[in-house]
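Morning, everyone. I have one structure to go through today, so please have the sequence and the coordinates open.

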Amino acid sequence: MVGESFGPEAELANAKVDDAAAERRRHRRERELGGTEATRRGLLAGLRGAAEPAVFVTSVGRISATVAAVGVDCVHLDETGGHVVTLRLDDLVAVEVARSSAEVGTAEPEAPAALHLADELAGYVDTGVVVTLRLRGGSRLDGEVTSCGVDVAVVRWSGGGPATYVALDSVNEVWSPSRP
């Protein structure tokens with residue numbers, strides 16, 4: 001028959017059990033809080049800091065790249081194939097990383113870089129660089145950016161051709177062989 005133990009050893013054992021239970025509760029609570037505080041921008045900042053390649057899933061495809069910079073409404077990616085991609089954060093559906101996002105870091109960065117997708121597109125005006133725009137709904141437009149206004153950009157086929165006026169809020173991705 002097993003009897004109850006009393007004395008200093010029993011009190012010490014009970015205290016150790018209580019401490020272990022409290023530690024498990026604390027770790028569980030940290031995991032819960034970490035999950036609720038995780039942000040897309042925080043994940044991207046963590047990937048940038050780790051310089052780790054990932055697969056970025058968008059509404060129209062997948063991009064294998066590393067994060068070059070995280071902005072207010074966009075992220076600069078250096079694609080594995082050598083292209084520079086500016087991706088609208090709202091078009092980012094998922095990010096596949098080789099290790100868990102908790103290891104990468106997912107807390108919101110202190111301040112995002114002052115990057116806006118429209119400003120990045122405006123940087124290509126009159127540079128002669130041919131860009132590829134991926135638009136909402138999956139459309140694709142290739143050409144040179146000849147002007148960029150408040151809510152519209154003008155893109156022409158290289159060497160001339162008709163002008164296409166593109167609503168800036170419809171641009172989800174800007175692909176280029178180099179930064180402007």
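**Helix, buried threonine, hairpins**

I'll begin with helix H2, which covers residues 40-50 and has Arg41, Gly42, Leu43, Leu44, Gly46 and Leu47 buried. Right after H2 comes alanine 51, and its phi is positive, near 50 degrees. Keep in mind throughout that this is a predicted model.

Let me step back to the overall layout. There are four helices and ten strands in the protein. If you read along the sequence, the order is α-α-β-β-β-β-β-α-α-β-β-β-β-β. The protein has 180 residues, and 33% of them are buried. Its exposed area is about 10400 Å², with 53% of that supplied by carbon and sulfur atoms.

On contacts: take those in the protein with a separation of 6 or more, and 56% of them are between residues 24 or more positions apart.

Now to a single residue. Threonine 86 sits in strand S4, residues 84-88. Is threonine 86 buried or exposed? Its relative accessible area is 2%, and the cut-off for buried is under 20%, so threonine 86 counts as buried.

What does it touch, once residues up to four places away in sequence are set aside? For threonine 86, the list is Cys74, Val75, His76, Leu117, Glu120, Asn172, Glu173 and Val174. With histidine 76 there is also a polar contact, side chain to side chain, at 3.1 Å.

The last part is about strands S7, S8 and S9. S7 is residues 140-148 and S8 is residues 152-156; the two run antiparallel and are joined by four bridges. One pair to find on your screens is serine 147 with valine 154, its bridge partner in S8. How many residues lie between S7 and S8 in their hairpin? Three residues lie between these two strands.

S8 also pairs with S9, residues 163-167, again in the antiparallel sense, and here there are five bridges. In this pairing, alanine 153 is opposite valine 166 of S9. S8 and S9 form a hairpin as well, with six residues between the strands. Within that hairpin, glycine 159 has a positive phi, near 85 degrees.

To recap the strand part: S8 is paired with S7 through four bridges, and with S9 through five. And for the residue in S4, the points to take away are that threonine 86 is buried and that its side chain makes a polar contact with the side chain of histidine 76.

That's it from me.

Terms used. Residues are numbered from 1 along each chain as its sequence is written. This is a predicted model: local features need pLDDT of at least 70, side-chain atom pairs count only at pLDDT 80 or more; totals for chains, interfaces and linings use all residues. Side-chain values use heavy atoms; hydrogens and water are left out. Buried means under 20% relative accessible area, exposed over 50%, partly exposed in between (1.4 Å probe, protein chains only). Contact means heavy atoms within 4.5 Å. Accessible areas come from the Shrake-Rupley method with a 1.4 Å probe; for residues, only the protein chains shown count as cover. A polar contact is a pair of N or O atoms within 3.5 Å; within protein, one must be able to donate a hydrogen and the other to accept it, and residues adjacent in sequence count only if both atoms are side-chain atoms. Two strands pair if DSSP finds at least two bridges between them.
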